[in-house]
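User: I am new to this structure. Please take me through its architecture in short steps.

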Amino acid sequence: MNRTVIALERFEYAGRRVAEFLHAELIPYSDKAFPIAFSRSSAIVAVMASGIAVRAIAPLLKDKWTDPAVVVVDPGLCFAIPLVGGHHGANDLARELAGLGIIPVITTATERAGRSSVEVVGREHGSRV
C-alpha cells in the first residue's frame with residue numbers, strides 16, 4: 001500500500017510525525033499535492049482542516065472502488081477522520097493512527113452499528129466485492 005501524507009507548511013512537524021509513523025511519503029500542501037497523491041497512493045492522510053481537504057479532493061473523486069482512502073488529521077494530532085474510502089482502508093488507517101495517540105472518528109454506519117462492512121467481510125475471506 002502506497003501512503004502519502006499531505007501537510008500545510010505550518011503543520012509540517014505534525015505531518016512529518018504522521019509520515020514517519022506510517023512510513024509514508026510527505027508532500028507539502030500545494031495545488032498539485034492531492035492530484036499527485038491520487039495518482040500514486042492508495043491512502044492519503046491530510047494534516048489540515050477538513051474543509052481544505054474536501055475542496056481539494058472533490059474534483060478528483062471518481063468512485064468508491066478506485067479512489068484512494070483519505071483521512072484528515074487535525075494539526076494537534078488529536079483526531080483522525082476518514083473522509084472517503086472508509087470501507088476501503090480509511091477506517092483502518094484512522095485506527096492505525098491511534099498508535100500515535102490520535103483518536104479515530106469513525107462515521108460509517110455499519111461500524112457505528114458494531115457490524116463489519118461487506119468489503120471488510122470479503123477481505124477477511126480472501127474475496128472482493
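The questions below go from the sheet to its helices and then to single residues.

User: In what order do the six strands of the open sheet stand?

Analyst: This is a predicted model. Its six strands form an open sheet with mixed pairing. The order is β2-β1-β3-β4-β5-β6.

User: Which strands stand at the edges, each with a single partner strand?

Analyst: An edge strand has one side without a neighbour in the sheet. That holds for two strands here, residues 25–28 and residues 103–104. They are β2 and β6.

User: In β6, what is the bridge partner of F79?

Analyst: β5 covers residues 79–84. It pairs with β6 in the parallel sense, over two bridges. In β6, the partner of F79 is I103.

User: How many bridges join β1 to β3, and how many join β3 to β4?

Analyst: β1 and β3 run parallel, and R3 has A43 as its bridge partner in β3. β3 and β4 also run parallel. There, V47 stands opposite V73. The count is five bridges for β1 to β3 and five for β3 to β4.

User: Which residues of β3 point one way, and which the other way?

Analyst: In a regular strand, side chains alternate between the two faces of the sheet. All five residues of β3 are buried, so the strand is largely enclosed by the rest of the structure. A43, V45 and V47 point one way, and the other way point I44 and A46.

User: What is the handedness of the β-α-β unit made by β3, helix α3 and β4?

Analyst: β3 and β4 run parallel. Helix α3, residues 50–57, makes up the unit with them. The unit is right-handed.

User: At about what angle does helix α1 run to β1?

Analyst: Helix α1 spans residues 12–22. It lies across β1, β2 and β3. Its angle to β1 is about 170°.

User: And for helix α2, what angle does its direction make with that of β2?

Analyst: Helix α2 spans residues 33–40 and packs on the sheet. It touches β1, β2, β3 and β4. Its direction makes an angle with that of β2 of about 155°.

User: Within what arc do the buried residues of α1 fall?

Analyst: The buried residues of α1 are A14, G15, V18, A19 and L22. They line one face of the helix, and they pack against β1, β2, β3 and α4. The face turned away from them carries the exposed residues Y13 and E20. The buried residues fall within an arc of 135°.

User: What arc do the buried residues of α2 cover?

Analyst: In α2, the buried residues are A33, F34, A37 and F38. They pack against β1, β2, β3, α3 and β4. They sit on the same side of α2, because they cover an arc of only 125°.

User: Which members of the largest nonpolar core touch the most other members?

Analyst: This core has 37 residues. The elements that give it two or more residues are β1, α1, α2, β3, α3, β4 and α4. One of the members in question, F34, has contacts that include I6, I44, A53 and L60. The members with the most such contacts are V18, F34, V45, V47, V73 and L97.

User: Is L26 buried, partly exposed or exposed?

Analyst: L26 is in strand β2. It touches V5, A7, E12, G15, R16 and A19, leaving out residues up to four places away in sequence. Its relative accessible area is 25%, between the cut-offs of 20% and 50%. L26 is therefore partly exposed.

User: Is H23 buried or exposed?

Analyst: H23 is in the loop between α1 and β2. It takes a positive phi of about 55°, just after α1, although it is not a glycine. Its relative accessibility is 74%. Since the cut-off is over 50%, H23 counts as exposed.

User: Is L77 buried or exposed?

Analyst: L77 lies in the loop between β4 and β5. It too is not a glycine, yet has a positive phi of about 55°. Its relative accessibility is 9%. That is under 20%, so L77 counts as buried.

Methods
Residues numbered from 1 in each chain as written. Predicted model: local features only at pLDDT ≥ 70, side-chain atom pairs only at ≥ 80, totals over all residues. Heavy atoms only, no water. Pairing = 2+ DSSP bridges. Helix = DSSP H or I, 4+ residues; strand = E, 2+ residues; numbered from the N terminus. Contact = heavy atoms within 4.5 Å. Axes fitted to C-alpha atoms, helices over the stretch in contact; angles between N-to-C directions. Buried < 20%, exposed > 50% of the residue type's maximum accessible area, 1.4 Å probe, protein only. Right-handed = clockwise from strand over helix to strand, strands pointing away. Core = buried A, V, L, I, M, F, W, Y, C linked by side-chain atoms within 4.5 Å. Arc of directions from axis to C-beta.
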